[in-house]
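Trainee: I'd like to practise reading a protein model. Can we go through one together?

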Amino acid sequence: RLLRFAHNRGVGEAAKLCLQEARGQYIASLNSDDAFEPDKLERQVAFLQKNKQYVAVLSQVRLVDEAGQSFVDARHPYMRLFRQPNRSRQEWLNRFFYGGNCLCQSSMLIRRECYQELGGYDSRLAQVMDLDFWIRFCKQYELYVLPAELTVFRLHTENSSQRKAE
């Protein structure tokens, strides 16, 4: 279903509307320039069904350039940013407070009731909605990062997120 606002109300309000309208047991978000590997959702659903202690499962990320070719600049900050090991909730919180967000939102699959319990994203935060969400999430819930590249993250030459990471 296509959901649209008459006027641009920002990504936070769009995310909030989509979460309110979602009907499935799990939520996955995909930015318009990213992609899922064909078996991403199947593998993540199977993981959450087998591991009830986890509320969200993420994946490693394969970086590509604007043309869809594998990104090879080893010095680029994103080459390390999304390469995260699994951590306890406390270790994730420490990482967020001292190092910022390092989770790729497009790599996530999360149980829908979690969004309802946490209140979703705070749309007042234009730049750090996901970091705020992950901090609130890790105060209550466990997440797991699958050691497989199941998400394709596209880097752009003029990417505002890219500039923030540098």
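Mentor: Sure, let's talk about strands and then cysteines, keeping in mind that this is a predicted model.

Trainee: In what order do the five strands of the open sheet lie?

Mentor: Start from the outside: strand 1 (26–28) and strand 2 (35–36) are the edge strands, as each pairs on one side only. Next to strand 3, strand 5 pairs in the parallel sense, while strand 4 runs antiparallel to strand 3. So the pairing in this open sheet is mixed, and strands pair if at least two bridges are found between them. The full order is 1-4-3-5-2.

Trainee: Which residue in strand 5 stands opposite V61?

Mentor: Strand 3 covers residues 54–64, and strand 5 covers residues 142–154. Those two strands pair over ten bridges. Opposite V61 you'll find T151.

Trainee: And on the other side, which residue of strand 4 is the bridge partner of A56?

Mentor: Two bridges join strand 3 to strand 4, which spans residues 109–111. One of the pairs is V57 with L109. For A56, the partner is I110.

Trainee: How many residues of strand 3 are buried?

Mentor: Buried means under 20% relative accessible area. By that cut-off strand 3 is mostly covered, and the buried count among its eleven residues is ten.

Trainee: What does the disulfide count come to?

Mentor: A disulfide needs two cysteine sulfur atoms within 2.5 Å. For C104, the nearest cysteine sulfur belongs to C102 and is 11 Å away. For C114, the nearest is that of C138, 9.6 Å away. The count comes to zero.

Terms used. Residues are numbered from 1 along each chain as its sequence is written. This is a predicted model: local features need pLDDT of at least 70, side-chain atom pairs count only at pLDDT 80 or more; totals for chains, interfaces and linings use all residues. Side-chain values use heavy atoms; hydrogens and water are left out. Buried means under 20% relative accessible area, exposed over 50%, partly exposed in between (1.4 Å probe, protein chains only). Helices (H or I, at least four residues) and strands (E, at least two) are DSSP runs, numbered from the N terminus.
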